[in-house]
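Me: Could you take a close look at a single part of this model with me, and explain it carefully enough for someone in a first year of study?

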Amino acid sequence: MSGAPRLTSGLVATLGFLAAVGPFATDMYLASFTEIAADLGSSASAVQLTLTAFLLGIGAGQLLLGPLSDRLGRRPVMVLSMGVFALSSVLMVFTPTIEVFVALRLVQGVAGAAGIVVARAIAVDLSEGETAVRALSLIATVTALGPLVAPPIGGAVGVLTDWRGVLIVLAAISAAMFLLAVLVVPESLPPDRRHGGGVRAIARMLGTVASTRGFGAYTLTVAAAFAGMMAYISASPFVGQEVLGMDPLVYALGFAAGALGVVSANLLNARIAPRVGPGRMLTLGVSFLLLASGILALLAITGWLRPASFIGCAVVLTAGAGFTMSNASALALARTPHMRGSGAAVLGATQFVLGGAMSPVVGAWGEDTAVPMAVIVVCAAIAAAGSRLVARRRLRGSP
């Protein structure tokens, strides 16, 4: 039909920007963690709980909003959710206590999940085959720019103003996302392709996906790699600034260097994985995780950790996480060819819930040493490697 929406380059860029809600909502205010703790009279673990609340919300939101968009259509779910995301971002600027901050971050996470799960669904709706793979890769590339630009923006704004000024900038970005959802995002799911399944039908579908052979092991590989990266992300403001003495802008630039590891890994993986296979690239990613986490733990325990070595380990660690998560995700979703929407929801929810659980653990263990962060990162890398081996053994000899 002539009036049917098309997946243009502008729409792909918009969907990628909307899918970057996670990096913008997490990475921009990391350099302000110590200032938030002092201003609101809270502990490091309480401030890290704001990150946990957002990640738990974005995990649960994917399970809710993905199936809801299958039933009601993509556009209304996207527009309403991004409106709530923008409103909660504005309210956070005026947060009086850490408890209110945590509650608003939870709401923000649930609403922001639409930017991830619905954006990908729209791309798949409007394309197929190799076109769909290319579209999703472009969306992932645009999304991956978030961790590069968000920390320097947050660090620069934090130097000029304070942590509430950083939240004002985040609120402005959230408002731009809402406007783009209203003005650019089309309805990509015709009424005749929507389903009216209730809660039980959705639960049965999600259960079938979770019990598919090999899917769970690959999903845990993704979640473990993400958990290790989140342990680094949530603790890095305290380790970098309080333990290693980095100023906020230097820390933000160092964090951006780590984010560059994820972007580089994704771009390299897009070129190499089709030739050598996602299995080999997954092994490479897990190897990077084990190497970087092992060196980080050794330096932290011996007291030899310095800003340069901290940033170097972060680059290798995040690159390993990039290789691991992208290839394990592809292998997991390949196990559910007829239910990839539900598979993506289960995978995303598991990833963000487990990753969110790491933040308060690191904070509760202590904020005046890098050892807790390093130990948890090592454990996550070992868990990712173990899940990878389990998946390989379960699928050995199967199609």
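Reply: Let us begin where a helix ends: just after α3, Gly41 takes a positive phi of about 65 degrees, a helix here being a DSSP run of H or I with at least four residues, numbered from the N terminus. The model is predicted, so local features need pLDDT of at least 70 and side-chain atom pairs count only at pLDDT 80 or more, while totals for chains, interfaces and linings use all residues. Residues are numbered from 1 along each chain as its sequence is written, and side-chain values use heavy atoms, with hydrogens and water left out.

Helix α3 itself spans residues 33–40, and its buried residues are Phe33, Thr34, Ile36, Ala37 and Leu40, where buried means under 20% relative accessible area with a 1.4 Å probe, for protein chains only. These residues lie on the same side of α3, because they cover an arc of only 165 degrees around the axis, the arc being that of the directions from the helix axis to the C-beta atoms. As background, an α-helix has 3.6 residues a turn, so residues three or four places apart point the same way.

What covers the buried residues of α3 includes α4 (44–72), α6 (98–125), α9 (163–183) and α11 (215–243). For the setting of this part, the protein chain holds 16 helices and zero strands, a strand being a DSSP run of E with at least two residues. Of its 399 residues, 53% count as buried. Among contacts in the chain with a separation of 6 or more, 85% come from residues 24 or more positions apart, contact meaning heavy atoms within 4.5 Å.

Definitions and conventions: Buried < 20%, exposed > 50% of the residue type's maximum accessible area, 1.4 Å probe, protein only.
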